[in-house]
Amino acid sequence: MAMVWQTELFPTASEAEIRRTKFLLSKYKSMRMLMDDFERYEADLRQVAVDGEVSRRIDDEDLHADKTANAAVLAEKQRWVYQQYRFYTSQLQRAAGLIQDGEARRAIDYRYIQGFSFKETVLFFRQSLSDSTVRRKLAEGTESVANTLKLFGFFEHDEVEF
């Protein structure tokens, strides 16, 4: 028996998915910074967890158990967050790179990928685009990223809330 796929060739993101995309884009720069820090200092983080009191209180519980075991759990949580961030940032970067409108792609890159504020973004594009056009290009770019993420199946796997 042949399997029939019930998918759209070019799916359109819902308003909720567009909002989720905008939220994730707004967190992109901080996720990258935390990932870079984790990669640089993972060994130090593990040692601090073993040595420090943080390993005694995982999930706000006052545990009086083995600090080494608690530190291992904490290290696994940190690694899991790192892996989630790596997945999110790679998918966002891929989708942003596929925006067809060059101005929208540049606006998304400057505002979210590079992490500049809206005001800085408007000032950067002031010579070529009006404030309202920058706002429109950011909205178009965000929608394009959301549609691409939907095509990737991203929203079916995106279960973590910040």
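At what angle do the axes of helix 3 (residues 102–113) and helix 5 (residues 131–152) cross? I took this up as my opening entry, with the note that the model is predicted.

**Entry 1: helix 3 and helix 5**

I looked up the two axes and found that they cross at roughly 90°. They come within 8 Å of each other. Angles of 65 to 115 degrees count as roughly perpendicular, and I therefore record helix 3 and helix 5 as roughly perpendicular to each other. I then listed the residues that make the contact. Helix 3 contributes Glu 103, Ala 104, Ala 107, Ile 108, Arg 111 and Tyr 112, while helix 5 contributes Lys 137, Leu 138, Gly 141 and Thr 142. Sorted by class, the residues of this contact are 5 nonpolar, 2 polar and 3 charged.

**Entry 2: the largest pocket**

I next turned to open space in the model. The largest pocket holds about 250 Å³. Its lining consists of Glu 15, Ile 18, Lys 22, Arg 111, Tyr 112, Phe 118, Arg 135, Leu 138, Ala 139, Thr 142 and Glu 143. I noted that helix 1 (15–51), helix 3 and helix 5 are the elements giving two or more residues to this lining. Which element provides the largest share of the lining? I found that helix 5 does, with 5 residues. The lining comprises 5 nonpolar, 1 polar and 5 charged residues. I also marked that Arg 111, Tyr 112, Leu 138 and Thr 142, listed in the helix contact above, appear in this lining.

**Entry 3: the second largest pocket**

For the second largest pocket I recorded a volume of about 160 Å³. The lining is made of 10 residues. Those nearest the centre are Leu 34, Phe 38, Gln 78, Val 81 and Tyr 82. Helix 1 and helix 2 (67–97) each give at least two residues to it. By class I entered 7 nonpolar, 1 polar and 2 charged residues for this lining.

**Entry 4: Ala 13**

Last, I examined Ala 13, which lies in the segment before helix 1. Is Ala 13 buried or exposed? Its relative accessible area is 8%; buried means under 20%, so I entered Ala 13 as buried. I then checked what surrounds Ala 13. Setting aside neighbours within four places in sequence, I found contacts with Ile 18, Ala 146, Asn 147 and Lys 150. Of these, Ile 18 is also one of the residues that line the largest pocket. Finally, I compared Ala 13 with Val 145: the two are 132 residues apart in sequence, and their C-alpha atoms are 9.2 Å apart in space.

Key:
Residues are numbered from 1 along each chain as its sequence is written. This is a predicted model: local features need pLDDT of at least 70, side-chain atom pairs count only at pLDDT 80 or more; totals for chains, interfaces and linings use all residues. Side-chain values use heavy atoms; hydrogens and water are left out. Axes are lines fitted to C-alpha atoms, for helices over the stretch in contact, and angles run from 0 to 180 degrees between N-to-C directions. Helices (H or I, at least four residues) and strands (E, at least two) are DSSP runs, numbered from the N terminus. Angles under 35 degrees count as roughly parallel, over 145 as roughly antiparallel, 65 to 115 as roughly perpendicular and the rest as oblique. Contact means heavy atoms within 4.5 Å. Ala, Val, Leu, Ile, Met, Phe, Trp, Tyr, Cys and Pro count as nonpolar, Asp, Glu, Lys and Arg as charged, and the others, Gly among them, as polar. On a 1 Å grid over the protein atoms alone, a cavity is a set of points where a 1.4 Å probe fits but cannot get out, and a pocket is an open set with protein on both sides within 12 Å along at least five of seven lines; lining residues have an atom within 4 Å of a point. Grid points are joined across faces, edges and corners, and a volume is the space filled by probe spheres set on the points. Buried means under 20% relative accessible area, exposed over 50%, partly exposed in between (1.4 Å probe, protein chains only).
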